[in-house]
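Trainee: I am new to this one. Could you walk me through how the labels are justified?
Mentor: Gladly, let us have a look together.

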Amino acid sequence: MEAGGLLDVLGVAAVVLDARGRIVLWSPQAETVFGYSAAEALGRPAVTLLVAEAHRDEVLALFARVMAGGGPWAGVFPIRRRDGRTVPVEFRNTRLEDDQGQAYALGLATDRATVRRVEQDLALSSRLVAHSPIGLAVLDLDLRFVLVNPALERITGLPATGHLGRGFGQAVPSPDAPAVERALREVLETGVPVLSRRVRGPVREAGRDAPQGTDRPDTDEATAESESESVWSVSLYRLETTGRRVVGVAAAVVDVTEQHRAERAAARARNRLAVIASASERVGTTLDLDLTAHELAELVVPEFADIAAVDVLEDVLTGPRPGGTDASGPAVFRALAVETAYPTVARDAADPVGDPARYGAERLVTRCARTGRPVLVAQVTDADLAHIARDATAAGLLREAGVHSYLAVPLRARGVVLGVLDLKRARNAVPFDRDDVLLAVELAARAAVAIDNARWYRHQQRTALALQRHLLPHGPARLNGLDAAYRYQPASAAVEVGGDWFDAIPLADGKTALVVGDVMGSGINAAATMGQVRTAARTLAGLGLAPSVVLTELDRTVAGLDEMATCLYAVYDPGSASCRIANAGHPPPVHVPADGLPRLLDLSTGAPLGVGGVPFETEEVPFRPGDSLVLYTDGLVETRDQDIDVRLAALTALLDGPPRSLEETCDLLLDALRAPDAPDDVALLIARARPLPASGDGDEDSTEDGAGKEGAA
């Protein structure tokens with residue numbers, strides 16, 4: 001047997017006396033208790049060796065009673081040690097007999113202070129175990145419960161009889177039981193404790209208040225509570241005696257369910273704040289309506305939902321002010337974005353992006369848009385799918401995808417519902433709840449403002465573009481001695497339209513005025529200003545004024561509008577085979593001789609229109625039959641990443657090639673020099689002189705076939 005038991009802790013001494021009271025046996029522990037060695041004690045009367053004279057008569061009487069068969073005696077008696085000190089010793093005395101019938105007295109003794117300390121420790125341990133609010137248990141070497149306190153009974157919900165003799169997994173219905181049993185074995189084998197490990201306890205059913213089906217109340221009247229489980233903090237320690245003998249494992253268990261729920265709620269709150277903060281940064285980065293919708297869908301997938309769709313009411317897209325949202329009946333939506341966290345057939349169930357879809361009042365998305373209130377279906381049933389999906393086929397796809405929870409929140413901005421954010425969960429096993437509704441509503445509100453801004457911007461952009469196109473030439477002009485082709489391309493969809501324009505104006509004396517200009521700024525104001533300046537230029541051109549005079553008058557007009565613009569004004573005279581040109585801060589035109597190299601015309605640049613008081617110069621250049629003149633706005637040659645001289649050199653290099661039609665030349669320049677996402681619009685006008693008809697021949701005063709196309713927006 002291993003040392004280290006309770007008797008070793010107590011240090012029990014054994015002493016045997018013969019019938020005359022002489023010491024005949026003396027254990028090693030007796031030397032510790034009394035101070036005498038065996039050689040000093042054996043054969044001597046115990047009463048004279050160990051008892052003070054004042055107590056000898058009492059001791060002799062007790063010894064006689066025990067030896068006479070009067071029964072054992074136990075108590076505390078003062079003993080004189082070898083060093084002269086008198087100490088209280090706890091005694092247990094009884095009568096012994098050998099096989100010869102001889103009587104002896106056995107005395108078991110230990111230091112009283114040691115006994116009292118052990119008794120106190122045991123009493124304290126017993127009280128702690130019984131009354132501790134912490135669940136305590138002891139498991140033996142086979143890892144079976146041998147002790148369970150009342151607190152653990154309350155925590156596990158099982159009486160002590162349900163624990164004792166069983167392993168952890170047999171006694172406690174915890175989903176983490178296998179992991180706990182592995183930890184118990186490791187602690188028993190290694191002695192390394194396990195501290196504060198979170199363990200899920202038995203699942204307890206919580207009442208469900210929310211009825212199922214699509215007729216349930218909306219979010220503020222429904223609950224999303226479902227099953228809840230307890231959570232424990234478990235610590236494990238190996239139990240050893242003072243002699244290092246392993247006797248089992250102790251377990252301390254604290255119910256931390258409320259703390260766990262509070263931590264989880266705090267974590268979800270932090271996550272909601274992070275998502276809202278992210279929405280401020282990631283949604284509405286541009287004024288592009290489709291991109292804004294995609295940013296919103298991408299924000300909520302996959303952290304918040306497995307499938308997300310952004311559906312906007314059709315009248316929001318077709319008019320400056322959407323219709324009311326309190327009407328009953330069907331609604332027409334257009335899906336702007338659909339995102340999924342992973343490949344799933346649920347995407348096929350969604351409305352195709354860009355296509356309008358008409359839904360009846362029974363559809364949950366329609367209800368959400370019409371009432372302006374969230375619609376939550378925490379647990380989706382087959383009956384619910386019929387009101388979520390567009391048709392039976394789509395409902396089957398959602399069922400196949402495992403959609404089990406649904407949430408729709410209105411996209412409301414400036415008091416108007418613009419559409420609906422449609423959310424579904426499939427792989428994410430947690431159903432949507434009230435906290436999710438609050439987060440989704442906040443996200444939708446922030447995103448709706450960005451969507452409304454993009455919607456208004458798109459409407460204004462289209463209005464400005466329509467105005468600008470209306471103000472530009474609508475067909476080829478009949479020009480004397482000139483062929484002309486032109487293009488207008490607006491800026492990319494993310495930027496407002498500008499004030500670029502061009503014109504080819506037949507004059508009464510057979511001459512032709514060619515104009516290209518750019519009103520500074522963008523949007524409807526720039527387009528309107530452009531229309532006024534173009535009208536003024538046509539009026540002044542009809543007066544037959546010199547180009548510099550025309551720009552001077554335009555300068556006064558633009559200054560009166562409190563605007564600024566650049567402009568290049570040229571007059572072609574087929575009789576003199578020349579062009580008279582004046583420049584108001586505009587990029588130089590390119591002259592392409594019929595038999596020479598393209599060159600930028602070195603003209604006096606002048607100041608932009610609207611500066612006021614700056615003179616303009618008229619310069620004359622030869623312009624013979626076959627020559628071409630290329631006029632353009634800065635959107636063709638200016639970029640952020642290249643020097644303007646490099647771009648102008650690229651322009652002239654493109655014009656130095658094999659003969660092309662004017663239409664082909666327009667396409668070549670735009671394809672080579674203009675990026676798809678260019679931030680500025682472009683006006684391009686190319687004129688080519690043709691020989692005048694011989695005397696008596698018919699005047700073919702027409703431009704090239706097909707000249708005058710406008711570029712696609």
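**Reasoning from the model**

Mentor: Let us start with helix H20, where Arg-647, Leu-648, Leu-651, Thr-652 and Leu-655 are buried. Keep in mind that this is a predicted model.

Trainee: What puts these buried residues on the same side of H20?
Mentor: Their arc around the axis is only 135 degrees, so they share one side of H20.

Trainee: What covers the buried residues of H20?
Mentor: The cover includes strands E22 (590-592), E23 (599-600) and E25 (628-632), together with helix H21 (662-673).

Trainee: How do you know that the length of H20 agrees with its number of residues?
Mentor: H20 (residues 644-655) has twelve residues, and at 1.5 Å a residue they should span 16 Å. The end C-alpha atoms lie 17 Å apart, which agrees.

Trainee: What makes the link between Asp-643 and Asp-645 a polar contact?
Mentor: The cut-off for such a pair of N or O atoms is 3.5 Å. At the start of H20, a side-chain oxygen of Asp-643 comes within 2.9 Å of the backbone nitrogen of Asp-645, so the pair falls inside that cut-off.

Trainee: Why are strands E1 and E2 said to pair?
Mentor: Pairing needs at least two bridges. E1 (residues 13-17) and E2 (residues 23-26) have three, in the antiparallel sense, so they qualify. Leu-17, for instance, has Ile-23 in E2 as its bridge partner.

Trainee: How many residues lie between E1 and E2 in their hairpin?
Mentor: Five, and Gly-21 in the turn has a positive phi of about 85 degrees.

How values were computed: Residues numbered from 1 in each chain as written. Predicted model: local features only at pLDDT ≥ 70, side-chain atom pairs only at ≥ 80, totals over all residues. Heavy atoms only, no water. Helix = DSSP H or I, 4+ residues; strand = E, 2+ residues; numbered from the N terminus. Expected span 1.5 Å × (residues − 1). Buried < 20%, exposed > 50% of the residue type's maximum accessible area, 1.4 Å probe, protein only. Arc of directions from axis to C-beta. Contact = heavy atoms within 4.5 Å. Polar contact = N/O pair within 3.5 Å; in protein donor to acceptor, adjacent residues only side chain to side chain.
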